[in-house]
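Biologist: Please take a close look at the pockets of this protein. I would like to know what lines them and which parts of the chain contribute.

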Amino acid sequence: GMVVTSQHIASDVGVEILKQGGNAADAAVAVGYALAVTNPCCGNLGGGGFATLHLSDGRDVFLNFREKAPGAATETMFLDAKGEVVQDLSLKGYLAAAVPGTVLGLDTLLQKYGTLPRDKVMAPAIRLADEGFVLTQGDADILAGSAKHFSAQPNVAAIFLNAGKPWAAGERLVQKNLAATLKLIAAQGPDVFYKGEIANAVVAASAANGGILSKQDFETYTVTEDKPVRCNYRD
């Protein structure tokens, strides 16, 4: 087997799962959670994604678990009174946040097409969040690029800045809160994220900061499965 990701530690996690007897779906789920820890730029629990699978019986499957707009979203929510686009309103802040699909998507992939239990494929990510991982220069550069934004949010700065300063290569990034979240998901499944205490916390934070996410948005989120789009190219 071969595992390729944008972060070498996450790739190692996928290989580890394959060596434990897991299949490609098991490895992909393990990698997805590992990237949520080791690639803060683009790995996520609060976003979404999709998966294209080619199965051993010849079937091809497409899972869509991209984020969805909150039920209270409107066509004009990012416009001012004059109908002009408000700079960055759709990109930064609580109003820019959609209903996350990652957790239900990865769990659907695991339950339908994987072979290993959830706690086993999530264990590496939990370990990396709980014990931390050593930052490479690339990791440090990515975090440093957002240092200004981190410093404006004390709860974020407490994790992604080191005593108010950017992390440096060779230092260890520990994310205890993320570890606690991952442990809850590993133990209770996606229900704790969409119907339980995690959903409650996210919705409360959204309401307190001008967002429009609701508990119903989380409870009604669904993953869709379809056939991949196909086409011929040069015969």
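Modeller: What follows goes through two pockets in turn, starting with the largest. The model is predicted, and the values below are computed from it.

The largest pocket has a volume of about 2,200 Å³. Its lining is made up of 42 residues, and those closest to the centre are Pro40, Gly46, Gln153, Val156 and Phe160. Five elements are listed as giving two or more residues to this lining: α5 (137–144), α6 (147–151), α7 (154–160), α8 (176–188) and α10 (197–208). Among these, α10 gives the most, with five residues. Sorted by class, the lining of the largest pocket holds 26 nonpolar residues, 14 polar ones and two charged ones.

The second largest pocket holds about 750 Å³ of space. Here 32 residues form the lining, and Ala24, Ala27, Ala28, Val31 and Leu109 lie nearest the centre. The elements that each supply at least two lining residues are the helices α2 (24–38) and α3 (102–113), together with the strand β1 (49–54). The most comes from α2, which gives seven residues to the lining of the second largest pocket. By class, this lining has 19 nonpolar and 13 polar residues, and no charged residues.

To set the two side by side, α10 is the main contributor to the lining of the largest pocket, while α2 has that place in the second largest pocket. Charged residues number two in the lining of the largest pocket, whereas the lining of the second largest pocket has none.

Key. Residues are numbered from 1 along each chain as its sequence is written. This is a predicted model: local features need pLDDT of at least 70, side-chain atom pairs count only at pLDDT 80 or more; totals for chains, interfaces and linings use all residues. Side-chain values use heavy atoms; hydrogens and water are left out. On a 1 Å grid over the protein atoms alone, a cavity is a set of points where a 1.4 Å probe fits but cannot get out, and a pocket is an open set with protein on both sides within 12 Å along at least five of seven lines; lining residues have an atom within 4 Å of a point. Grid points are joined across faces, edges and corners, and a volume is the space filled by probe spheres set on the points. Helices (H or I, at least four residues) and strands (E, at least two) are DSSP runs, numbered from the N terminus. Ala, Val, Leu, Ile, Met, Phe, Trp, Tyr, Cys and Pro count as nonpolar, Asp, Glu, Lys and Arg as charged, and the others, Gly among them, as polar.
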